[in-house]
Amino acid sequence: LYHNKNCMSILIWIFYSITDEVHQLFVPGRSGEITDVFIDSTGSIIGVLAYYYMRKSRFINKFYKIKN
């Protein structure tokens, strides 16, 4: 179940970055770029992986006193 939450977080962020770029197509002086979607998506994947590994290493568990 935990991995499903990670995947859902990434998918939501990818959807958000796509909608943000589409929105920028309608703003004067801005442009929607597919590279920005990839950059945002990569950032979300790195963030989720960092959280996953910190949680796995019990760093976050100790900080928030969470039990597995």
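**Group meeting: a walk through a three-helix model**

Let's start with helix α2, which has 23 residues and reaches 33 Å from its first C-alpha to its last, close to the 33 Å expected at 1.5 Å a residue. That expected span is 1.5 Å times one less than the number of residues in the helix. Before I go on, a word on the ground rules: this is a predicted model, where local features need pLDDT of at least 70 and side-chain atom pairs count only at pLDDT 80 or more, while totals for chains, interfaces and linings use all residues. Residues are numbered from 1 along each chain as its sequence is written, and side-chain values use heavy atoms, with hydrogens and water left out.

Okay, the overall picture. The protein has three helices and zero strands, so from the N terminus on you read α-α-α, with helices (H or I, at least four residues) and strands (E, at least two) taken as DSSP runs and numbered from the N terminus. Buried residues make up 19% of the 68 residues; buried here means under 20% relative accessible area, exposed means over 50%, and partly exposed is in between, using a 1.4 Å probe and protein chains only. The accessible surface comes to about 5,700 Å², and 69% of that belongs to carbon and sulfur atoms. Those areas come from the Shrake-Rupley method with a 1.4 Å probe, and for residues only the protein chains shown count as cover. As for contacts, meaning heavy atoms within 4.5 Å, take those with a separation of 6 or more: residues 24 or more positions apart account for 43% of them.

Back to α2. Which residues are buried there? They are V37, S41, S44, V48, Y52 and R55. Two of these, V48 and Y52, are touched by N6, not counting residues up to four places away in sequence. N6 itself lies in helix α1, and with a relative accessible area of 12% it is buried. N6 also sits 9.3 Å from Y51, C-alpha to C-alpha, with their positions 45 residues apart in sequence.

Y52 comes up again with the aromatics. A search of the whole structure finds two aromatic pairs. One of them is Y52 with Y53, edge-to-face, at 5.2 Å centre to centre and 75 degrees between the planes. For the cut-offs, rings of Phe, Tyr and Trp (its six-membered ring) pair if their centres lie within 6.5 Å; planes under 30 degrees apart count as stacked, over 60 as edge-to-face and the rest as tilted.

Now the other end of α1. Q24 lies in that helix; is it buried or exposed? Buried, with a relative accessible area of 8%. Leaving aside neighbours within four places in sequence, Q24 is in contact with R30, S31 and G32.

F26 is in the loop between α1 (2-24) and α2 (34-56), and F26 is exposed, at 68% relative accessible area. Together with I18, V22 and L25, F26 makes a nonpolar surface patch of about 420 Å². Patches are made of residues with over 30% relative accessible area and no salt bridge (a side-chain nitrogen of Lys or Arg within 4 Å of a carboxyl oxygen of Asp or Glu); like charges are joined within 9 Å, nonpolar side chains (Val, Leu, Ile, Met, Phe, Trp, Tyr) within 5 Å.

Last, I18 and its α2 partners. I34 is in helix α2 and counts as exposed at 54% relative accessibility; I34 and I18 are 16 residues apart in sequence and 8.2 Å apart, C-alpha to C-alpha. F38 is found in α2 too, exposed at 53%, and lies 9.4 Å from I18 by C-alpha, 20 residues away in sequence.
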